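User: Hi! I'm new to reading structures like this one. Could we go through it together, one question at a time?

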2 protein chains.
Amino acid sequence: MKKSVKKSKLSWEEIAEFCETLTEAEDALTREMVSRISDKWSLWTMSVVADIDEPMRFSRIMEHVEGISQKSLTKTLRGLERDGLITRKVFAEVPPRVEYTITALGSEMLDNVAPLWLWTAKSVQRFQACRAAFDDRGVQPARK
Amino acid sequence: MKKSVKKSKLSWEEIAEFCETLTEAEDALTREMVSRISDKWSLWTMSVVADIDEPMRFSRIMEHVEGISQKSLTKTLRGLERDGLITRKVFAEVPPRVEYTITALGSEMLDNVAPLWLWTAKSVQRFQACRAAFDDRGVQPARK
DNA sequence: CCGTATCCAAGCCGATACTG
DNA sequence: CAGTATCGGCTTGGATACGG
């Protein structure tokens with residue numbers, strides 16, 4: 001189960017080094033983009049749009065992203081569009097039709113998130129064990 | 001310039017497939033753990049604790065994680081401890097001393113986050129360009 | 001030194017109602 | 001169909017004060 005550590009593994013220090021070459025605005029945007037990953041809906045929405053190989057309509061996306069409200073989906077899609085992760089195409093028809101498509105940049109982001117997600121999913125029992133041990137020790141969890 | 005796409009590249013569908021083998025609780029915890037990554041302070045705190053090669057005291061961490069409040073740092077550290085990402089050792093001294101250390105699990109998580117962070121940082125100009133283009137389009141004109 | 005307790009402001013997000 | 005508008009509960013996190 002345990003993989004051998006690759007020599008080419010990136011160290012966090014290398015990241016920090018690279019990030020220091022960024023302007024303050026660029027650094028802030030980097031954090032903001034990473035934030036998308038844990039955004040309640042963004043990643044799920046992206047993966048839904050990406051999974052189907054053709055443009056998707058608003059209502060169809062909403063069916064697949066279970067539990068999202070219309071308002072949140074609109075907001076999520078606008079944000080993704082603004083950052084170039086999906087495209088939005090409006091057709092001047094009645095009734096209106098709007099189609100969303102994943103962009104190359106969006107696919108790239110999904111590809112980069114995937115390994116992390118998989119590692120996390122595969123490590124989940126370890127996290128559960130740590131939590132159980134912590135809670136058994138009877139330590140008070142930090143209050144808000 | 002562009003790297004050739006590896007065949008072994010993970011697809012999002014494979015992730016979904018694996019995640020379906022998880023219980024609901026495990027799936028929820030996976031999301032929660034991924035959320036840490038974009039948590040305002042967690043990752044920064046972890047990287048600070050990890051960067052220095054010796055146990056760090058509370059006050060020292062607070063110096064390095066610029067802008068964090070005492071309350072937020074306490075909460076962040078407790079959460080990281082609970083999930084097994086750092087350890088917390090209290091010394092029965094006066095004045096009190098508490099030392100924090102990164103765990104193997106914590107290092108592993110940082111290693112898995114690193115590539116994504118680096119990709120994001122290196123892609124930041126593209127995101128900026130997309131935003132600028134979007135904002136320049138302004139409010140969508142009805143015609144065009 | 002290392003926290004906890006309390007207050008409060010801001011933002012997220014669901015529910016609901018309405019529009020072109 | 002694909003939004004926009006409004007409300008209100010809930011969470012987040014900073015400031016401040018206090019405790020062991």
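User: Which helix gives the largest share of the surface near DNA strand D?

Analyst: Happy to help, and do keep in mind that this is a predicted model. Helix 4 (58–64), helix 5 (70–82) and strand 3 (97–102) of chain A, along with helix 5 of chain B, each supply at least two residues of that surface. The largest share is four residues, and they come from helix 5 of chain A.

User: Which part of DNA strand D lies 2.8 Å from a polar side-chain atom of Ser59(A)?

Analyst: Let's start with the surroundings: 19 residues surround DNA strand D, and Ser59(A) is among the closest. Of the strand's atoms that come within 4 Å of the protein, 55% belong to sugar and phosphate. For Ser59(A), the partner at 2.8 Å is a phosphate oxygen.

User: How many salt bridges cross the interface of chain B and chain A?

Analyst: A salt bridge here needs a side-chain nitrogen of Lys or Arg within 4 Å of a carboxyl oxygen of Asp or Glu. Arg82(A) and Asp135(B) pass this test, with their closest N and O atoms 2.9 Å apart. Across the whole interface, the rule finds ten.

User: How much area do chain B and chain A bury between them?

Analyst: The contact takes 57 residues from chain A and 56 from chain B. In chain B, Trp12(B), Arg82(B) and Arg131(B) lose the most area to chain A, together 14% of what that side buries. Carbon and sulfur atoms carry 69% of the buried total, which is about 6,200 Å².

Definitions and conventions
Residues numbered from 1 in each chain as written. Chains lettered and ligands numbered in written order. Predicted model: local features only at pLDDT ≥ 70, side-chain atom pairs only at ≥ 80, totals over all residues. Heavy atoms only, no water. Contact = heavy atoms within 4.5 Å. Buried area = accessible area lost by both parts, 1.4 Å probe. Near = heavy atom within 4 Å. Polar contact = N/O pair within 3.5 Å; in protein donor to acceptor, adjacent residues only side chain to side chain.
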